[in-house]
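Please open the model in a viewer and keep the selection panel at hand. The tour below proceeds from one selection to the next and states what is found at each stop.

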Amino acid sequence: MDTITGLTCRECGHAYPLSPLHVCEMCFGPLEVQYDYASIRQQLSREIIASRPASLWRYRELLPVAGEPQVGLHSGFTPLVKADRLAAHLGVKELYVKDDSVNHPTFSYKDRVVSIAISKAIEFGFDTVSCASTGNLANSVSAHAARAGLRCFIFIPANLEQGKVVGTTIYGPCTVAIRGNYDDVNRLCSEIADKYGWAFANINLRPYYTEGAKTYGFEIVEQLGWRFPQHVVVPTAGGTILPKVAKAFEELQQVGLMESGPRPKIYTAQAAGCAPVIQALHNETDLIVPVKPKTIAKSIAIGNPADGYYVLRAVRDSGGWGEAVTDPEIIQGIQLLAQTEGIFTEPAGGTTVAVTKKLIEQGRIPRDESIVICITGNGYKTIEAVLDQVRQPLLIEARLADFDQLYASLSAEQKGEHQKINPEELH
Ligand SMILES: *Cc1c(COP(=O)(O)O)cnc(C)c1O
Ligand SMILES: [Zn+2]
């Protein structure tokens, strides 16, 4: 059953035993989990996967947890929604939304990576778990820690949305807000991790944590009926999810679950107010110049992305591209997804939708090929971002005559005429 063989440095290849280490002692490169793919090929089939519960653990041979999973038993396997109304709006033929806004238990893609990190923390015998977070990671670590009965310390920037803050403190961790941005929080946490020896999901457990993001890619392919989409648009913050989605597609071929052949083109989406990876991509350089974030998309506001280089590499190797969009475009993206597909995402998702629209308009993504948009977080946590932009309810007394009068005064747009289905547009 054991399919994990150790850790190796992504840069110099030096091998390490499975332990809470994340940086190579030889060259400071990041460490990555190694698997015995030949053995996984023998053990795993599409049928075995299909026979398992609908959670991210259905791909457990490709995840770095040796024993029984300890937490996150209901995380992952979120809907892949065929988005025909959004497709019609964008003028494309085949479009899907991979919807982690309804991930269990804290409504973002972070429940995937945290399921692995906390299971691993328990395996290593830690009694205290922690993280540096832009919000969603804080929600997920504190929820999983509560469920596992672990002590928990959370570090966040002081300017987060109320939904993200209460969505952390409700689980009872010790929550510390830092006067500064995420990059300041992260720097402090590296020092705390060294000094206090706690399990930081995204620092010393990072090699294990990041592997959880592969499940997002596995699920897209399985839910499409074991088929690759041609284009996948992924948001980028620290740069965890995008390279791991690319790795997921590669691994499916490596273990024989998918035939060899072309893999999807992958596109990175950032907010214009924090787009260091897009800048490097557009400038055709590997050098990522850190920026000071200024955007409403706080969950992806990381000015100095730890794995930005690997995002560039995965995007370029796949033949994809990337774009940045402004805060007003992000809000339009949130509204567009809500009003065409009934999915309420946070600014990170609005960014991904708006970037997809831009890439289609630029001709970077062809209109007649299959596209997946990665929706990674939930809009109910970030009400502040859209509060000024949405229509207020119309207030009346509980009298039919009052409603009659109101209805007569409404414009066609207020009556929702534009939202009626035109059957021609659906396929
Ligand atoms: C963390 C996060 C991301 C992506 O972050 P990476 O560090 O690049 O993996 C995207 N969307 C949301 C909502 C997030 O919370
Ligand atoms: Zn090394």
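## First stop: F77

Select F77, which is partly exposed, with a relative accessible area of 24%. The structure shown is a predicted model. F77 belongs to the loop between α2 (46-50) and β4 (80-82). Its backbone merits inspection: phi of F77 is near 50°, a positive value in a residue other than glycine.

## Two further loop residues

Move next to E284, in the loop between α11 (276-282) and α12. Here too phi is positive in a residue other than glycine, with a value near 55° for E284. Is E284 buried or exposed? With a relative accessible area of 70%, E284 is exposed, because the cut-off for that class is over 50%.

Then select H104 and P105 together. The peptide bond that joins H104 and P105 is cis, with omega at about 0°. P105 is part of the loop between β5 (94-99) and α4 (110-124).

## The antiparallel sheet

Display β1, β2 and β3 as a cartoon. These strands make up an open sheet of 3 strands in the order β2-β1-β3, and the pairing is antiparallel. Because β2 (15-16) and β3 stand at the edges with a single partner strand each, one side of each has no neighbour in the sheet.

Follow the pairings from β1 outward. β1 pairs with β3 over 5 bridges in the antiparallel sense, and with β2 over 2 bridges, again antiparallel. L7 is a convenient residue to centre on: its bridge partner in β3 is V33, and its bridge partner in β2 is Y16. As for its surroundings, β3 is mostly covered, since 4 of its 5 residues are buried.

Now pick C9, which also lies in strand β1. C9 is buried, with a relative accessible area of 4%. Draw a distance from its C-alpha atom to that of E25: the two residues are 16 apart along the chain, and the separation is 9.1 Å.

## Helix α1

Select S39 in helix α1 (residues 37-43). Its relative accessible area is 18%, so S39 counts as buried, the cut-off being under 20%. Show side chains here to find a polar contact of 3.0 Å between S39 and Q43.

## The second largest pocket

Display the second largest pocket, which holds about 520 Å³ of space. Which residues lie nearest its centre? They are R10, P243, A246, K247 and E250, out of 23 lining residues.

Colour the lining by secondary structure. β1 (4-9), β3 (31-35), α10 (241-254) and α12 (308-318) each contribute at least two residues to it. The strands β1 and β3 are those already seen to pair in the antiparallel sense. α10 gives the most to the lining, with 8 residues.

Then recolour the lining by residue class. The lining comprises 10 nonpolar, 4 polar and 9 charged residues.

## Ligand 1

Centre the view on ligand 1 and select the residues around it. There are 16 of these, and Y109, K110, N136, A237 and T376 come nearest.

Three distances to the ligand can be drawn in turn:

- From the side chain of K110, an N or O atom is 2.7 Å from an oxygen atom of ligand 1.
- From the backbone of T240, an N or O atom is 3.2 Å from an oxygen atom of ligand 1.
- From the side chain of T376, a polar atom is 2.6 Å from a nitrogen atom of ligand 1.

## Last stop: the parallel sheet

Finally, select β6, β7, β8 and β9. These 4 strands form an open sheet in the order β8-β7-β6-β9, with parallel pairing. Which strands stand at its edges? The edge strands are β8 (174-178) and β9 (199-200), each of which pairs on one side only.

Zoom in on the β9 side of the sheet. Strand β6 (residues 128-132) runs parallel to β9 and is joined to it by 2 bridges. To locate this pairing, select V129 and A199: A199 is the bridge partner of V129 in β9.

Key. Residues numbered from 1 in each chain as written. Chains lettered and ligands numbered in written order. Predicted model: local features only at pLDDT ≥ 70, side-chain atom pairs only at ≥ 80, totals over all residues. Heavy atoms only, no water. 1 Å grid on protein atoms, 1.4 Å probe; cavity = no way out; pocket = protein on both sides within 12 Å on 5 of 7 lines; lining within 4 Å. Points joined across faces, edges and corners; volume = space filled by probe spheres on them. Nonpolar A, V, L, I, M, F, W, Y, C, P; charged D, E, K, R; others polar. Buried < 20%, exposed > 50% of the residue type's maximum accessible area, 1.4 Å probe, protein only. Pairing = 2+ DSSP bridges. Near = heavy atom within 4 Å. Polar contact = N/O pair within 3.5 Å; in protein donor to acceptor, adjacent residues only side chain to side chain.
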